[in-house]
Amino acid sequence: MLWRLAIVGFPFIVLLLIPGLMYGRSLISITRKIREEYKEAGSIGEQAISLVRTVYAFGSETKLIAKFSAAL
C-alpha cells in the first residue's frame, strides 16, 4: 500500500525539484551581481570618508555624490 503512494508521489517531487534548482541558480547569480555592485559603491564611499578633507578642499562633493549614486 505504501509503495503505491511512493509511485504516485515521485513524479511530483521531480516536478518540484527541477524548477527549484533553476530558481536557486538564478538567485545565486543575481546575488553575486548585487554584491559586486555594492562593493564598488562601498569603495567609493570609503574613499570619500577617508579623504574628506581633500574632497572638501577641492569642492568635489557634488561630483563624488554623482559618482556614488551612479554606482548604486
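This report describes a predicted model of one chain, from its overall form to its helices.

## Basis of the model

Residues are numbered from 1 along each chain as its sequence is written, and side-chain values use heavy atoms, with hydrogens and water left out. In this predicted model, local features need pLDDT of at least 70 and side-chain atom pairs count only at pLDDT 80 or more, while totals for chains, interfaces and linings use all residues.

The chain averages a pLDDT of 88 (the predictor's confidence in each residue, from 0 to 100). At least 70 is reached by 100% of the residues. Confidence is lowest in H2, at a mean of 83. It is highest in H1, at 90.

## Overall form

The chain has three helices and zero strands. Helices (H or I, at least four residues) and strands (E, at least two) are DSSP runs, numbered from the N terminus. Along the sequence the pattern reads α-α-α. The radius of gyration is 25 Å, well over the 11 Å that the globule rule gives for 72 residues, so the chain is more spread out than a compact globule. That radius is taken over C-alpha atoms, and the rule is 2.2 Å times the number of residues to the power 0.38.

Along the principal axes, the C-alpha atoms fill a box of roughly 80 × 15 × 10 Å. Buried residues (under 20% relative accessible area; exposed is over 50%, partly exposed in between; 1.4 Å probe, protein chains only) make up 8% of the 72 residues.

## Helix H1

Helix H1 covers residues 2-50, which is 49 residues. From first C-alpha to last it reaches 67 Å. That is close to the 72 Å expected at 1.5 Å a residue, where the expected span is 1.5 Å times one less than the number of residues. H1 bends by about 30° at Gly9 (the angle between axes fitted to the seven residues ending there and the seven starting there). A proline, Pro11, follows within four residues.

H1 is hardly covered, with four buried residues. They are Ala41, Ile44, Gly45 and Ala48. What covers them includes helix H2 (52-58) and helix H3 (61-71).

## Thr54 in helix H2

Thr54 is found in helix H2. At 39% relative accessibility, Thr54 counts as partly exposed. Thr54 and Leu72 are 18 residues apart in sequence. In space they are 23 Å apart, C-alpha to C-alpha.

## Annotated regions

An unreviewed UniProt entry carries the annotation "domain: ABC transmembrane type-1" for residues 1-72. UniProt positions follow the numbering used here, feature names are shortened, and annotations may be inferred rather than shown by experiment. Over residues 1-72 the chain is 93% helix and 0% strand. The end C-alpha atoms are 58 Å apart.

The unreviewed entry's annotation "transmembrane region" covers residues 6-24. This span is 100% helix and 0% strand, with end C-alpha atoms 26 Å apart.

Conventions. Contact means heavy atoms within 4.5 Å.
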